[in-house]
Amino acid sequence: MNEQYLPIRTPAELDAMHEAGAVVAQTLQAVRKAAVPGAKLIDLDDLARTCIREAGGSSSFLGYTPWWAPTPFNGVLCLSPNEMVVHGRPSGRRLRDGDLLSIDCGAIVDGWHGDAAITVHVGSSTDADDRLVQATEEALAAGVRAATPGATLLDIATAIDAVARQYGYAHLPNHGGHGIGTSMHEAPFVPNRPTAEAGQHRLRAGNTLAIEPMLLAGGERYRTKRDGWSIITADGKRAAHVEHTVSVTDDGPVVLTAVSLIADGLNLSTGVNRPLFGEHSAGTS
Ligand code: MG
Ligand code: MG
């Protein structure tokens, strides 16, 4: 079998990615608090711009133009409410009580990227939405725990998919995580369900990747809106999306995009016995 390997980052490179991850984590925390009924998506994006700038980072998303996109991305956050799964553009839309909002953020420090996403309830929530978010967060935690030296991307995909199956949710097809470093999106593709290709990528200490399950409450058919960016479910059912940037270490996976040793309520140990961010964690839990 032809095994393939991800690049190994130096300790200094990992420190820079940790700093970028801290900027992302702090920004997501601020936006989570601001995502209340009546808030406009564009105002959340403005808040995130300020957070990223004041933390000394720059945006991974603003102006990003992947090959399939008709226009450069217009914000620093992807904001995807309800039936929108990912890649939602900041707009004048106002959030309403009961909305379910995916917030995706990327930041650069010293040329190194961090990428993470959360899904939050706006105002009140329903049991159905609670369950969908819980499943997606559990799927992420399972995927992160599988990111150990000697494992393959197939182990990560299998762990994520097991949680999705247990809850009975579909994945967003053709989308998943990715390598990350001096570019936000690097090879290889990190699938959320098992593929033969995934088994060929074996992990080593020093690898960095973004893991991001996207679970759908209904069927797996989806379409892209006329803006060329926003992906919505075909049946209008809701979706949830969560993501962390992770480094693989001999002591276990380390979440680079969390503000505390317990990664944002995922109850995910980072496997390190030191504060994640030093001074960056001042004022956070
Ligand atoms: Mg992301
Ligand atoms: Mg990503």
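1. Asp110 sits in the loop that runs between strand 5 and strand 6, the latter covering residues 112-121. In this predicted model, the phi angle of Asp110 is near 50 degrees, which is a positive value in a residue other than glycine. Asp110 counts as partly exposed, because 14 C-beta neighbours lie inside 10 Å, a number between the limits of 12 or fewer for exposed and 20 or more for buried.

2. His87 also deserves a look, since its phi is near 70 degrees, again a positive value in a residue other than glycine. The loop that holds His87 lies between strand 4 (84-86) and strand 5 (100-109). His87 is buried, because 24 other C-beta atoms are found within 10 Å and the cut-off for that class is 20 or more.

3. A cis peptide bond, with omega at about 0 degrees, joins Ala187 to Pro188. For a reader who wishes to find this bond in the structure, Pro188 belongs to strand 9, which spans residues 186-190.

4. Helix 3 takes in residues 127-145, 19 residues in total, and the distance from its first C-alpha to its last is 27 Å, close to the 27 Å expected at 1.5 Å a residue.

5. Which residues of helix 3 are buried? They are Leu132, Val133, Ala135, Thr136, Glu137, Glu138, Ala139, Leu140, Ala141, Ala142, Gly143 and Val144, a list that includes the charged-type names Glu137 and Glu138 alongside Leu132 and Val133. When reading such a list, one may recall that an α-helix has 3.6 residues a turn, so residues three or four places apart point the same way.

Note on methods
Residues are numbered from 1 along each chain as its sequence is written. Chains are lettered from A and ligands numbered from 1 in the order in which they are written. This is a predicted model: local features need pLDDT of at least 70, side-chain atom pairs count only at pLDDT 80 or more; totals for chains, interfaces and linings use all residues. Helices (H or I, at least four residues) and strands (E, at least two) are DSSP runs, numbered from the N terminus. The expected span of a helix is 1.5 Å times one less than its number of residues.
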